[in-house]
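Student: I am new to this structure. Please pick one part, look at it closely, and carry on from there.

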Amino acid sequence: MGVEASVARIALLGTGLLGSGMVKHFLKSGTQVTVWNRTEAKARELEPLGAGVATSPAAAVDGADRIHIVLPDDAAVGAVVEQLAPGLKNGAIIVNHSTTLPDATRTRAERHQAQGIRYLHAPVFMSPQMAESGIGLILVSGPQAEFDEVRSELEGMTGEVWYLGERPDLAAAYKLFGNCMLFAISGGLADIIAMARANDIDAVEAMKLFTKFQPGNVIAARGPRMARNETTPTSFEVKMARKDVGLMMTAAKDQPLVGLPCIAKRMDELINTGKGDQDITAIGPAAK
């Protein structure tokens, strides 16, 4: 009979909403997890579910094969890694799921490599509920060897794992790209609701438009053209799009707007510099 592979011991540092969702998923799958949080009470909430609770980062990672970090920013990540480093087991891998700045992520990865710390940056697109259910997308950047070692475990945490390669800052950048689109959509929805209310239309009913009209398709159709700085008109000319934006702003009446005024300003800049006949793709930054 073959020898059964041992189950990796997990430490997770940062038990906010997302981190707690990850811990619950680990526990449901029968994985031993030790947790730590700056506010200990939040970590203690997971204790009845079977999580071990440590009172320091170093204690949390003692004996752990994988260390998952889910913290709010670069400063918190740097401080916690510094505290846990003395307790790292030989061969342990840190997997940082935090949303951080690409430059700081690259610097951190290079520093850890010099220190002999095995480290991957792996931000996620998943809500706390998705994390608990094990569905979503994990982006990963870092050494191929480390990724190969943890790939199956990461796949167990979510529906899809996308390895972006060894360049350490790519996952951090792609995470910001994704969040940027989420926030842009939220801003657009806010302006639609403003127009609906200004025109005595139920805002919930207004959202039904998007069960028929799928504007998300424009990403695939227009995104690559914008990225290549292709501005030959194929759909909206800037000057015609600006006319529509003006209609939207007028239709909103006295309701506050989030995105439309900024879009109008950019279009006005293009029109004033003789680019009103270019495609709407021209609102993107010009290639250098």
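Tutor: Start with V140. Its bridge partner in β9 is Y163. This is a predicted model, so treat each statement as one about the prediction. Now widen the view from that pair. Strand β8 covers residues 137-140. It is joined to β9 by 4 bridges, and β8 and β9 run parallel. Both strands belong to an open sheet of 3 strands. The order is β7-β8-β9, and the pairing is mixed. Which strands stand at the edges? They are β7 (124-125) and β9 (160-163). Each has a single partner strand, so one side of each is left without a neighbour in the sheet.

Next, move to strand β1, residues 10-13. Are its faces covered or not? Both are covered. I10 and L12 lie on one side, A11 and L13 on the other, and all are buried. L13 is a good residue to follow. In β2, it stands opposite W36. In β4, its bridge partner is I69. These pairs sit within wider strand contacts. β1 pairs with β2 (residues 33-36) in the parallel sense, over 4 bridges. The chain gets from β1 to β2 by way of helix α1, residues 17-28. That β-α-β crossover is right-handed. β1 also runs parallel to β4 (residues 66-69), and 4 bridges join these two strands.

Finish with a helix further along the sequence. Helix α11 spans residues 238-251 and has 14 residues. From its first C-alpha to its last it reaches 20 Å. That is close to the 20 Å expected at 1.5 Å a residue. Which of its residues are buried? V238, A241 and V245 are. They cover an arc of only 65° around the axis, so they fall on the same side of α11. What do these buried residues pack against? They pack against α12, residues 260-272. Now turn to the face pointing away from the buried side of α11. It carries L247 and T250, which are exposed. After the helix comes K253, with a positive phi near 55°.

Look back over the three stops. In the sheet of 3 strands, V140 pairs with Y163. In β1, L13 has W36 opposite in β2, and I69 as its partner in β4. In α11, V238, A241 and V245 are buried, while L247 and T250 are exposed on the face turned away from them.

Notes. Residues numbered from 1 in each chain as written. Predicted model: local features only at pLDDT ≥ 70, side-chain atom pairs only at ≥ 80, totals over all residues. Heavy atoms only, no water. Pairing = 2+ DSSP bridges. Expected span 1.5 Å × (residues − 1). Buried < 20%, exposed > 50% of the residue type's maximum accessible area, 1.4 Å probe, protein only. Arc of directions from axis to C-beta. Contact = heavy atoms within 4.5 Å. Right-handed = clockwise from strand over helix to strand, strands pointing away.
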